[in-house]
Amino acid sequence: MTEHPNALPDSSPWARLAQQRDALSKTRLRELFDRDPERSQRYYIEGAGLGLDFSKNLLTDDTLEALLDLARHCRLESRREALLAGRKVNVTEGRPALHTALRHPGGTDIRVDGVDVVAEVHATLAHMEAFVSSVLDGHRTGYTGQRFTDVVSIGIGGSYLGPKLVCEALQPFDQGKVRCHFVANIDGTDICETLRGLNPETTLFLVQSKSFLTQETLENSKVARDWFLNAAGDTDHVARHFMAVTANVPEAEAFGIQPNNVFPMWDWVGGRYSLWSAIGLPIALTVGMHHFRALLAGAHAMDEHFRKAPLGQNLPVVMGLLSVWYNNVWGAETHAILPYDHYLRSLPDHLQQLDMESNGKSVTEQGEPVATQTGPVLWGGVGSNGQHAYHQLIHQGTRLIPADFIIPLVSHNPVASHHADLFANCLSQSRAMMAGKTLDEARAELAAEGLSEDDIERLAPHKVIPGNKPSNTLIMEQVTPHTVGAIIALYEHRTFVQGVIWDVDSFDQWGVELGKQLGKGILPKLTGNGAPETAGDSSTDALIRRFRSAHGR
Ligand code: F6P
């Protein structure tokens, strides 16, 4: 499926794409816009309340057709069907990847091993609803009868990044009843700084771990429990203050969490796709269950768009194929996510896990080495801050870095002319990437400033901006629960589309296991008594000795 472009007959989609690249290398985006006044309409599509302008990409109708052919060649439509129907698309773990069922409004029957998962999801939503309202209306209290004022969510990876992103993104919808805090890192500073200033009598803990085996989450939860018991004294009070979201109920119980305080997770939900499940409790506690349901509705609207829209007008399909185009045919190694909205500042972090854990793979589903590059490095940050930092490299560096600009048309905070300023910054960046500045333009600019001929010749090359750098612009009316749900679901499906082209299992993550295994072996060498055995190499051994000596061992 992922044969290398150069090894193929001219008729293959990869070879056609290589030809497209050669043809487009001789032209410039500026010319494509000049030649076609309709270009911005031609390459603009909508779905689930989002609009995608992909006209500033290195493509023509022929390119798009070749990309869509590649998708058909890789059986994207039937693989999409398999994903949405709950077939075991996570082949190495023999599981479906049914995050779409988590946001399904019901009235359908999706079965996993004979069990109707939509019914289970809706039962859990009802449980969440009852819990959230009991906390927010003050019926559920801490051990001294006081209302909860603070919620500490302890989890890492998918049990952290998604809920944190959405809580920040939906700050304008905050019900103001509880403050949510997030602890992820095994660096003790995270939990210590979070607990500092909190009152154990009014703090609720959510232990968020699908496996309930993750070291960071368990160690932080133990510290939280000790901190709590230091004040509360009686271990019976743990049941009132500690909830869990997990698929591993026995371990949660062993920790001291009562079974009726455990919200379920299912093995058909991957961690990085889990914010739509009870892992989203911090979101529901912050913005209320009605807004959490609106978030699910936005994601479901994107699922339906992904399911039904023709491939060429399908946002996740087009964005996924464009990513493949730059990655595999133009040699781009990274992709920038640039949200021009302060509320979406953590989107790059969440998408990093989503995309890089899903598609950071080197073998196909069949276990054969892949023939092309797979997942690119995703990175980015909030605009306009990045313009005064890494955008220099995007504009004048030697690498090709495709970018996604993400911006709402209307701000929640229409102070002074800020939103127009922000919008102007966003457009100026995508236009600068696309149009650049030629040597002649640089010379003319310097001449207009009155510089001497010598200075013009000396400075002009430094002022050239190559341009021809591709970008997408994703717009929405405003950042709302619905649009945030749609954006995240869009990127989930975009990730899947790429994985289909590369023929990798986008739903496993074996690569993270080695570090975990080795960590278990190294820890006792750091903390144990007596000279430790070698860890296997002199560098690791020397660093272990330095650590031990700093701790008097
Ligand atoms: O280490 C990677 C990972 O397995 C992620 O996929 C997952 O989201 C995270 O760890 C946390 O796992 P858990 O929810 O089981 O604690």
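A polar contact is a pair of N or O atoms within 3.5 Å. The views below are drawn from a predicted model.

**View 1. Polar contacts between the ligand and residues Ser 209, Lys 210 and Ser 211**. The side chain of Ser 209 places a polar atom 2.6 Å from an oxygen atom of the ligand. At Lys 210 the partner belongs to the backbone, where a polar atom lies 2.8 Å from a ligand oxygen. For Ser 211 the side chain is again involved, with an N or O atom 2.6 Å from an oxygen atom of the ligand. Considered alone, the ligand exposes 400 Å², and the protein buries 87% of that area.

**View 2. The ligand in the largest pocket with its surrounding residues**. The pocket in which the ligand sits is the largest. The ligand is surrounded by 14 residues, and the closest are Ser 159, Ser 209, Ser 211, Thr 214 and Glu 357. Sorted by class, the shell comprises 9 polar, 3 charged and 2 nonpolar residues.

**View 3. Cys 167 and Cys 180, whose sulfur atoms are 5.0 Å apart**. The closest cysteine sulfur to that of Cys 167 belongs to Cys 180. Because a disulfide requires sulfur atoms within 2.5 Å, the separation of 5.0 Å is too far for a bond. Cys 167 is buried, its relative accessible area being 11%. Across the whole structure, the search finds 0 disulfides.

**View 4. The buried residue Cys 426**. The relative accessible area of Cys 426 is 1%, which means that this residue counts as buried.

Conventions:
Residues numbered from 1 in each chain as written. Predicted model: local features only at pLDDT ≥ 70, side-chain atom pairs only at ≥ 80, totals over all residues. Heavy atoms only, no water. Near = heavy atom within 4 Å. Polar contact = N/O pair within 3.5 Å; in protein donor to acceptor, adjacent residues only side chain to side chain. Areas by Shrake-Rupley, 256 points an atom, 1.4 Å probe, with all protein chains shown as cover. 1 Å grid on protein atoms, 1.4 Å probe; cavity = no way out; pocket = protein on both sides within 12 Å on 5 of 7 lines; lining within 4 Å. Sits in = over half its atoms within 2 Å of the grid points. Nonpolar A, V, L, I, M, F, W, Y, C, P; charged D, E, K, R; others polar. Buried < 20%, exposed > 50% of the residue type's maximum accessible area, 1.4 Å probe, protein only.
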